[in-house]
Amino acid sequence: MSWFESLVLGLVQGLTEFLPVSSSAHLRLTAAFSGWKDPGAAFTAITQIGTETAVLIYFRKDIGRIVSAWFRSLFDKARRRDHDAQTGWLVIVGSIPIGLLGVTLKDQIEGPFRDLRITATMLIVVGVVIGIADRLAARDETGGRHRAPKQRKTLENLGVKDGLIYGLCQACALIPGVSRSGATISGGLFMGYKREAAARYSFLLAIPAVLASGAFEVKDSVGEGHVAWGPTLFATVIAFASGYAVIAWFMKWISNKSFMPFVWYRVALGVVIIALVSADVLSPHAAESAS
């Protein structure tokens, strides 16, 4: 992998990680359209450490409060009723599905799931799902001629059941094209949460899974030597900087804007990919991973 490739792929990772468009799909597509080798699942997992570092810094006050309350709840039963302590436990519970499936399906994630036909299908299908969830949220927020606006849930209403559903939605993002934020936010909207609450919990829930996945890939890659560490670390830094900017913008934008621009983008991109693969312009299979 060249330094220019790492710059471009780092930007792509940072710009798309927190938007409901699938960062793994865009990394795969950027390489395919550019004629580069597929950066591979290991590159994706390691550069995501950069974007999750951006989450840690942006939400540092929330995270510090949650971690502190969670630790105190280990030794004081009364504190387990504290909302922040409960959020800490629910993040752990919600991380179980992706942890189990990530280990079980590791070979599929690094191989068959990276087929562009699967990516394109997921872009379209999940795009439609996000669109439906967005319309339901908009209907509740605005009401109608004969219907009053409906109060949507906040993170204060989050329980074990909803936490597990969020976790299952996040696990779907193991397939390129799904989008971690798209799946979890739309899941939250279907469960009746406010847009900002769904996005905030989506970002918090991703922290353990992404950091664990990145650490796992680092451990494996150090011994095998198949990662170009200089360009990969450079891409990780770029992903951090661009990712932080996107979080700041997205959290302001999401409170009163529709997801429909992302829906139309996903569907259009999926259709274009299917057309290009069908015309043999793009190979559905990944080229040998970059090193």
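Begin by selecting Asp62 and Arg65, whose side chains meet in a salt bridge with an N to O distance of 3.3 Å. Keep in mind throughout the tour that this is a predicted model. Both residues belong to helix α4, which covers residues 60-75, and they sit three residues apart, about one turn of the helix. Colour the two by accessibility and you will find that Asp62 is buried, with a relative accessible area of 16%, whereas Arg65, at 40% relative accessibility, counts as partly exposed. Asp62 falls in the buried class because its 16% lies under the 20% cut-off for that class.

Now widen the selection around this pair by adding Asp84, Glu196 and Arg200, since Asp62, Arg65, Asp84, Glu196 and Arg200 are linked in a network of salt bridges. The structure as a whole holds eight salt bridges.

Stay with Asp84 for a moment, and show helix α5, residues 83-104, in which Asp84 has its place. Asp84 is buried, with a relative accessible area of 12%. If you leave aside the neighbours within four places in sequence, the residues in contact with Asp84 are Arg65, Ile66 and Ala69.

The next stop is another salt bridge, this one formed by Asp115 and Arg117, whose closest N and O atoms are 2.8 Å apart. When you select the two partners, compare how they are covered: Asp115 is buried, with a relative accessible area of 11%, while Arg117 is partly exposed, with a relative accessible area of 44%.

From there, select Asp134 and Arg195, whose side chains also meet in a salt bridge, here with an N to O distance of 2.6 Å. This pair links distant parts of the chain, for Asp134 lies in helix α7 (residues 116-142) and Arg195 in helix α10 (residues 195-224), with their positions 61 residues apart in the sequence count. Both Asp134 and Arg195 are buried.

Leave the salt bridges and go to Ser22, which you will find in the loop between α1 (3-16) and α2 (23-34). Is Ser22 buried or exposed? Ser22 is buried, with a relative accessible area of 2%. To see what surrounds this residue, select Pro176, Gly177, Val178, Ser179 and Arg266, which Ser22 touches when residues up to four places away in sequence are not counted. Closer along the chain, show Ala25 as well, because a polar atom of the Ser22 side chain lies 3.2 Å from the backbone nitrogen of Ala25. You may also draw a line from the C-alpha of Ser22 to the C-alpha of Thr119, which spans 9.3 Å in space although the two residues are 97 residues apart in sequence.

For the last stop, turn to the surface and select Trp3, Phe4, Leu7, Leu11, Leu15 and Phe234, which together make a nonpolar surface patch of about 570 Å². Which helix gives the largest share of this nonpolar patch? The largest share, five residues, comes from α1. One residue to pick out here is Leu11, which has its place in helix α1 and, at 37% relative accessibility, counts as partly exposed.

Notes:
Residues are numbered from 1 along each chain as its sequence is written. This is a predicted model: local features need pLDDT of at least 70, side-chain atom pairs count only at pLDDT 80 or more; totals for chains, interfaces and linings use all residues. Side-chain values use heavy atoms; hydrogens and water are left out. Helices (H or I, at least four residues) and strands (E, at least two) are DSSP runs, numbered from the N terminus. Buried means under 20% relative accessible area, exposed over 50%, partly exposed in between (1.4 Å probe, protein chains only). Contact means heavy atoms within 4.5 Å. A polar contact is a pair of N or O atoms within 3.5 Å; within protein, one must be able to donate a hydrogen and the other to accept it, and residues adjacent in sequence count only if both atoms are side-chain atoms. Patches are made of residues with over 30% relative accessible area and no salt bridge: like charges are joined within 9 Å, nonpolar side chains (Val, Leu, Ile, Met, Phe, Trp, Tyr) within 5 Å. Accessible areas come from the Shrake-Rupley method with a 1.4 Å probe; for residues, only the protein chains shown count as cover. A salt bridge is a side-chain nitrogen of Lys or Arg within 4 Å of a carboxyl oxygen of Asp or Glu.
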